[in-house]
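Take a moment to turn the model around on your screen before reading on. What follows is a short tour, one topic at a time.

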Protein chains: 2
Amino acid sequence: MGIGQEYREYNAWLQPHSYRFKEPFRLNTSPEVPMVARDECKAGMERLFGSGIWQEDAKKSVTLHINSQLPAEGYRLTNGSNGIAVEGGSQNGILYGVFGLLRALGIGQFDEGTVAESAPAVERRVINQWDRADGTVERGYAGNSIFFKDDRLDFNPERIRDYARLLASIGINVIAINNVNVTESSARLLTAEALPKVAELADIFRPYGIRLALSVHFESPVLLGGLQTSDPLDKRVAAWWNAKTQEIYQAIPDFSGYLMKADSEFRGGPASLGRTQADGANMLARAVAPFGGVVYWRCFIYNCMQDWRDTDTDRPKAAYDLFKPQDGLFEKNVILQVKNGPSDFQVREPNSPLLGAMKHTREALELQITQEYTGHQIDLYNLAVQWEEVFSFPVNRNQVLRDLIGNEIDTVAAVSNVGDDENWTGHTLAQANLYSFGRLAWNPRLTAREITDEWIKLTFGTEPEVVEKLTDIMMSSRGAYEKYNAPLGIGWMVNINLHYGPSPDGYEFMKWGTYHRANRVAIGVDRTSRGTGFTKQYDPYLTEIFDSRETCPEELLLYFHRLPYTYVLKSGKTLLQHIYDTHFEGVQEVERFIALWETLKAKLPGTTFVSVKQRLLKQLENAEEWRDVINTFFYRLTGTTDEKGRKIYE
Amino acid sequence: MGIGQEYREYNAWLQPHSYRFKEPFRLNTSPEVPMVARDECKAGMERLFGSGIWQEDAKKSVTLHINSQLPAEGYRLTNGSNGIAVEGGSQNGILYGVFGLLRALGIGQFDEGTVAESAPAVERRVINQWDRADGTVERGYAGNSIFFKDDRLDFNPERIRDYARLLASIGINVIAINNVNVTESSARLLTAEALPKVAELADIFRPYGIRLALSVHFESPVLLGGLQTSDPLDKRVAAWWNAKTQEIYQAIPDFSGYLMKADSEFRGGPASLGRTQADGANMLARAVAPFGGVVYWRCFIYNCMQDWRDTDTDRPKAAYDLFKPQDGLFEKNVILQVKNGPSDFQVREPNSPLLGAMKHTREALELQITQEYTGHQIDLYNLAVQWEEVFSFPVNRNQVLRDLIGNEIDTVAAVSNVGDDENWTGHTLAQANLYSFGRLAWNPRLTAREITDEWIKLTFGTEPEVVEKLTDIMMSSRGAYEKYNAPLGIGWMVNINLHYGPSPDGYEFMKWGTYHRANRVAIGVDRTSRGTGFTKQYDPYLTEIFDSRETCPEELLLYFHRLPYTYVLKSGKTLLQHIYDTHFEGVQEVERFIALWETLKAKLPGTTFVSVKQRLLKQLENAEEWRDVINTFFYRLTGTTDEKGRKIYE
């Protein structure tokens, strides 16, 4: 088996292959099976096995039908002696079943006699586009928006449909199409003039089981409604939102709801009017409730005007301090959307203590697919590895985050990494991150290795050498990046605004609450019970673990502790020597990736081989720059040379 | 005497006063005296003394006439028993004479019996607007452009005329209206469609003796002419420039010439085509020569993609290394425009060794009025003090820069600080910087104190308390800023891109060639003969002075030397203690300015008192931020506490 001739990066993981199959099939579908499921099944099987797979007089059949005993979005696949049955709990379930079948066949794991059942872990699997109305994408590294241009919706329906297919194939069922930092022109998506175009978009996504959401501007009643205030306790404001919501649902009956970034990073919000987060969220929630909608209310709120001289304020504490006391005050259809870590999508963070802390409030986990702090889709970074750690991060003595998914946390959302580049994601291997997010949102018990294996096989085929080497590169990629980045969870040693490339003191004296406070003998902020008290926001079991240098996970040591460079790690190395060593190793890892990649030249599609190689070479430059800047920074501070005598610049 | 009722910040230093005069005058002008000189004389006298100053039957007269024995732009003022005579060497000379008279009367220094003669030190006194076609101003801190909007010239002729008056009153005679970083839309000023509007502008400036210049795009032949190349040695390229130049002079017969930033900071230029700077400049020079035009060719060229690990390259050396070998190769109407310092308008730099080094090539000194690195017209910074030092900086054993002005250096140019703010310059006291530039370009032998005294009296009147306190504040302002900024000439410890606020390592690992290389024991780059050899670009007399720690001017110690923090200065203090002390002192100076300012409340116009006070309070915050960041940076590196036990943050 190998790559078919029609490989195009644009197909992402829905690539053609020239697999063989023992015998042909007929396609049987019951009337309630949606057209799109039937079409995807027909085209998908042909993609894998060629058009000969279908023969009208074939003995075996692929049968699609609805089985209302199954969970609505769930499916069952049966490979029996008469053929393959795909049962879905609903029209969407059937579609997921078809994609599930194609995936299983595509990776060669669906032999005769197999029965496979699956249903999503959470009700809402959400993509957040950070697309701006002007057509650029905030933190986007794959070209411009596929949705917007020149301050309005302006899209190619075919491209949107192809995106919908990709998202449906990995189980995504909600998409918020505009950036959470809502500008005035983006706010205007709610106007009567703009809604028909939004509804067109919803019409494209609907057959793929995907509902639209909109990021909304907290000040919309003022900006659009001509009111004097956006105070959520003002009846006219609530009335305005109620009327506006009704208008939206008339155009888009299955509208998912509003996504709101309020009181954060210079956005307006209830706090600016002396109201609580619950006041703000509940007003919107009451507007969408009659229509079955929800409010995704982001918890990324902190003081972004902190004085670096202020050592009492500790940014990671902010969200918990603000929201925890309001637990129980939110309407039932408010979903508090919490980033995985308490900082901001850094390479290494603990999980947010707010995740699971709200006992009477729904929560969404927010991940980031776009590589803001993780290499801008130039450096290779397989996020599945990090996300597996996020899901495996303990909440208390008995539970890890994974155990809350589908329970306290009923929504998983992520920031898209997609733009109008031909290959969607800039770095072709970054397609794996979009894929992994969908798969993990569906089933958080999947391992990074399983998902990576799936993605490689679906994309590049099942040739063992390709699978083995690509798996090696991709499974190692996060570790390599972390090695040459800021050490041991300290984070933020990055060029300001851009968030790409090293700048050890870049954020050190700024107002964002991001300080490492490195001096000639020590580095870090004491966030333990004896320090800022951040660790006390966790379950006491974890507080104790994080409070102690000995029991704190070593990769998070500098997130929680202030330590001298002479502190000895479990490896027997000093903290400083560990920094030096990992930074040299990180570069060596990238060199190894390049060498491995080179050996796959004959086995990979030419365009992809070349474009990824170019990126790997640029990554090597980046890794060297990180290594040298970080090592030099610490060498200048400490005056301590590398034990192994390697080159550290003065 | 005091401030008249019609004080408006908009009037800048052409303010009304209610001075008294012994007797009235008649106004006598000969026919060749231009209308504008007559009008300015009439209005100006009324501004100072009230409309009663003119009486048709007055015994004494003010007489304006041309005396061709005087230098063309020069003038002679005589206050005799029959009245006042203003003689000018030309129409422009008369106008300068009128403004000279008004200045002398305005500051109370033109008693009966006085004869005063004056002529400009250099032929060209040039303002460079860094105005972008889109209406913003690069490094502008006083609002938007008064020339451009929405990618085209779009101006209020009245405002332009008022600007022309202000510039003429201080002797400016050339203005380049668009930013040296020429965009495609700014390049289009040369097109037939745009030229009529440029000519309109020239028509407004012409009566005030000011000629227009344009910054041009090196790639204009490609962008506008549809050619395949801009190679200066290509005949079609030269022909295109010749034809275009002819077209310009048809519209603007007194067009001053082209201003060019080539091969610098990502601009195209001859080097990118394998040609020399002389090749590029001479082609343009030959185009404008038949019309008496010149080419202002900027020398701000260096490697802006340097690797910080590269310690051989030393940015300050770049301009001399590039241009010195080409001395003698330039056409006679090429003027090489050299920034005062070899870095980039830092608070403290030595003079550029290129100034005066070209024995067979004309040079322009380029200063910066807009406060890019000097506080963004928030912090008070009287540039006259710095410029006096620039003019007094030695060139060799016998000469200082001032001695070259009007000789080797026949042009003085500066970047404007003006925008469409009501008061032109954001900070009202920053008007003094525009004023000082014009005065110094006319007469570099004026001292900062003399000019500051003039400006204060013309603007706020001659009340001794006002003059004394304002002089104190303004004469101290540069020193105060320097004290809380980067120490001893090291420069660059500033937020990247913005160039406002402290960031000690902000430029340390970037590609701009700006490194202090501070570690726990020492700071600085050795630029002596034993180091990068930069000092060898100076006259041997200066090489020897700069090479030695003992003889190097102490304020430039860290520009030229790498020194341990324990190095003992002439004061007996260590380098580190000097840093701490100056940073505490800088803040105290600003506190003193505020206290002094407060005492002037009743004696200054209310709007100005309030707006300047607001800025002083913001400056205090800035100074504290600088003090704390810089002190903390060095404290973290050295671990050495302040001898006086003052607060330095950890």
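This report looks at the two copies, the annotated domains, some strands and one buried residue.

## Two copies, one turn

First things first: this is a predicted model. Start with how its chains sit together. If you turn chain B by 180°, with a shift of 0.0 Å along the axis, you can lay it on chain A with an RMSD of 0.0 Å. The two copies are therefore related as by a two-fold rotation axis.

The contact surface fits that picture: both copies use the same one, and 100% of the contact residues of chain B turn up again in chain A. Want to find the axis? Look for Leu637(B), whose C-alpha lies 2.8 Å from it, closest among the residues of chain B.

## What the record marks

An unreviewed UniProt entry marks two domains in chain A. One is labelled "Beta-hexosaminidase bacterial type N-terminal" and spans residues 56-104. Over that stretch the chain is 29% helix and 39% strand, with its end C-alpha atoms 24 Å apart.

The other annotation from UniProt, also unreviewed, reads "Glycosyl hydrolase family 67 catalytic" and covers residues 115-424 of chain A. Here you get 26% helix and 16% strand, and the end C-alpha atoms are 34 Å apart.

## A sheet of five strands

Now hop over to chain B. Five of its strands make an open sheet with mixed pairing, in the order β1-β2-β4-β3-β5. At the edges sit β1 (25-29) and β5 (115-118) of chain B, each pairing on one side only. Ignoring direction, neighbouring strands in this sheet are turned by 10° against each other on average.

For an antiparallel pair, check β3 (residues 75-80) of chain B and β5(B), which are joined by four bridges. Thr78(B), for instance, has Val115(B) as its bridge partner in β5(B).

## A left-handed crossover

Back in chain A, β1 (residues 25-29) and β2 (residues 60-66) run parallel and are joined by five bridges. Leu27(A) has Val62(A) as its bridge partner in β2(A). How does the chain get from β1(A) to β2(A)? It crosses through helix α1 (residues 35-49) of chain A, making a β-α-β crossover that is left-handed.

## One buried serine

Finally, find Ser476(A) in helix α14 (residues 464-484) of chain A. Is Ser476(A) buried or exposed? Its relative accessibility is 17%, so Ser476(A) counts as buried, since the cut-off for buried is under 20%.

Who does Ser476(A) touch? Setting aside neighbours within four places in sequence, Ser476(A) is in contact with Thr471(A), Glu589(A), Arg592(A) and Phe593(A).

Definitions and conventions: Residues numbered from 1 in each chain as written. Chains lettered and ligands numbered in written order. Predicted model: local features only at pLDDT ≥ 70, side-chain atom pairs only at ≥ 80, totals over all residues. Heavy atoms only, no water. UniProt positions renumbered as here; feature names shortened; annotations may be inferred. Helix = DSSP H or I, 4+ residues; strand = E, 2+ residues; numbered from the N terminus. Least-squares fit on C-alpha atoms with pLDDT ≥ 70 in both. Contact = heavy atoms within 4.5 Å. Pairing = 2+ DSSP bridges. Right-handed = clockwise from strand over helix to strand, strands pointing away. Buried < 20%, exposed > 50% of the residue type's maximum accessible area, 1.4 Å probe, protein only. Axes fitted to C-alpha atoms, helices over the stretch in contact; angles between N-to-C directions.
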